[in-house]
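Visitor: I'd like to learn how to read a protein–DNA model feature by feature. Could you walk me through one?

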2 protein chains.
Amino acid sequence: MMSPSRKTPPKPARLPCPLASSLDIFGDKWSLLVIRDLFFGKKTFGEFQKSPEHIPSNILAERLKRLESTGIIRKSAYQQKPVRYAYLLTEKGEHLGPVMKAMVDWGNKYIPGTYSFSEIMEMMKKNSGSQNE
Amino acid sequence: MMSPSRKTPPKPARLPCPLASSLDIFGDKWSLLVIRDLFFGKKTFGEFQKSPEHIPSNILAERLKRLESTGIIRKSAYQQKPVRYAYLLTEKGEHLGPVMKAMVDWGNKYIPGTYSFSEIMEMMKKNSGSQNE
DNA sequence: AACAGTCACTTGTATATTGAAAGTAACTGT
DNA sequence: ACAGTTACTTTCAATATACAAGTGACTGTT
């Protein structure tokens, strides 16, 4: 039997496995895409939304909070009147570069039709107002 | 189960971004943990279940199907009477090593309390009958 | 001053995915 | 015959996601 008398553990923190722990932080469908956008120079809520995958705004807001709370990004006000924030990668966040690079390399090798880094870079720049695929 | 009876955009295939496409394949909480286990020499359904993160059996079954359908793993019968399968990484799956390594390195650097590769290796071997966290 | 427009969210609410538990099928070994 | 093992499948409540619409604080235009 499991010990039942304890209080509820807030986050069982899956285990001391660095892979499992990392996945708990950014192992979802969207987090790394936001981080990718930050690498590509995007900074604001609106810019993240314009990316071709079209992240829902509520999910984006939540992910930004999570990434901030885990120290991967931080925000700084870029204007005061209505306070608006730009998001930036911390050192911790920037060190996710190798993780993304490994995934990009794998994708380029094993998923036909994926674009190279520079092609994606181009696509990111002219980030469309189009809602269509 | 419901079937998609209406218009069927079966998999919009998010975009030609290799990162987004990779995430569509293994960007969830469990897939890479199963792949980790395969790297650690685990092969059977029961062995995956015994890993310390305790993946639910229905999720495990689904992930194994998905990983097989995407060519990351394959299965081969290891006995006939009741046909039972052992799962193996394909070349495509083995090449996820660098992705996991990058994540492990990041976790070890930025998540306090995570174990090194060799410590995890040890833990994997004596994969417990313990149900306790 | 009134109104459209922008930006960064927030709030509802369907829908989809997940997780925990229990059940099933095909055996083996006692 | 019956318990045990292995590999799942089924059920269903809980959680997460997606989509649409709305809000608040402005700016710039008429």
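Guide: Let's begin with an idea we'll need right away: a polar contact is a pair of N or O atoms within 3.5 Å. Keep in mind that this is a predicted model. Now the case: a polar side-chain atom of A:Tyr87 sits 2.8 Å from a phosphate oxygen of DNA strand C.

Visitor: What does a polar side-chain atom of B:Arg63 lie 2.9 Å from?

Guide: Again a phosphate oxygen of DNA strand C. For a base, look at A:Ser57: an N or O atom in its side chain is 2.7 Å from a base oxygen of DNA strand C.

Visitor: Which elements give two or more residues to the surface near DNA strand C?

Guide: From chain A you get α3 (45-50), α4 and β2, and from chain B you get α4. The largest share comes from α4(B), with 5 residues.

Visitor: And which residues come nearest to DNA strand C?

Guide: There are 21 residues around DNA strand C, and A:Ser57, A:Tyr78, A:Tyr87, B:Trp30 and B:Lys81 come nearest. On the DNA side, take the atoms of strand C that come within 4 Å of the protein: sugar and phosphate account for 63% of them.

Visitor: How do the residues of that surface near DNA strand C divide by character?

Guide: Into 8 nonpolar, 6 polar and 7 charged.

Visitor: Okay, now the other strand. Which residues come nearest to DNA strand D?

Guide: Read it the same way you'd read any strand. Of the 21 residues around DNA strand D, the nearest are A:Trp30, A:Asn58, A:Lys81, B:Ser57 and B:Tyr78. Sugar or phosphate holds 62% of the atoms of DNA strand D within 4 Å of the protein, and bases hold the rest.

Visitor: Which part of DNA strand D does B:Ser57 meet, base or phosphate?

Guide: Base: a polar side-chain atom of B:Ser57 lies 2.7 Å from a base oxygen of DNA strand D. With B:Tyr78 you land on the backbone, as a polar side-chain atom there is 2.6 Å from a phosphate oxygen of DNA strand D. A:Lys29 also points to a phosphate oxygen of DNA strand D, with a polar side-chain atom at 2.9 Å.

Visitor: Which element gives the most to the surface near DNA strand D?

Guide: That's α4(A), with 5 residues. Elements that each supply at least two residues there are α4 (57-69) of chain A, plus α3 (45-50), α4 (57-69) and β2 (84-89) of chain B. By character, the surface near DNA strand D splits into 8 nonpolar, 6 polar and 7 charged residues.

Visitor: Let's move to the protein–protein side. How many residues of chain A are in contact with chain B?

Guide: For an interface, I'd go from counts to area to chemistry. Here 47 residues of chain A are in contact with 47 residues of chain B. The buried area between the two chains is about 4100 Å², and carbon and sulfur atoms give 76% of that.

Visitor: How many salt bridges are there between chain A and chain B?

Guide: The count is 0. Polar contacts do turn up: 10 residue pairs between chain A and chain B, both residues at pLDDT 80 or more. On the side of chain A that touches chain B, α1 (18-26), α2 (31-39), α5 (91-94), α6 (97-110) and α7 (117-125) each supply at least two residues. The largest share, 11 residues, comes from α6(A). That side of chain A comprises 28 nonpolar, 9 polar and 10 charged residues.

Visitor: How many salt bridges does the structure hold over all chains?

Guide: It holds 12. In one of them, the side chains of A:Arg63 and A:Asp28 meet at 2.9 Å, N to O. A:Arg63 lies in helix α4 of chain A and A:Asp28 in the loop between α1 and α2 of chain A, so the pair ties together parts 35 residues apart in sequence.

Visitor: Last one: in what sense do β1 and β2 of chain A pair?

Guide: With strands, check direction, then register, then the connection. Strand β1 (residues 73-79) and strand β2 (residues 84-89) of chain A pair in the antiparallel sense over 6 bridges. For the register, A:Ile73 stands opposite A:Leu89 in β2(A), and A:Ala77 has A:Tyr85 as its bridge partner in β2(A). As for the connection, β1(A) and β2(A) form a hairpin with 4 residues between them.

Note on methods: Residues numbered from 1 in each chain as written. Chains lettered and ligands numbered in written order. Predicted model: local features only at pLDDT ≥ 70, side-chain atom pairs only at ≥ 80, totals over all residues. Heavy atoms only, no water. Near = heavy atom within 4 Å. Polar contact = N/O pair within 3.5 Å; in protein donor to acceptor, adjacent residues only side chain to side chain. Nonpolar A, V, L, I, M, F, W, Y, C, P; charged D, E, K, R; others polar. Contact = heavy atoms within 4.5 Å. Buried area = accessible area lost by both parts, 1.4 Å probe. Salt bridge = Lys/Arg side-chain N within 4 Å of Asp/Glu carboxyl O. Pairing = 2+ DSSP bridges.
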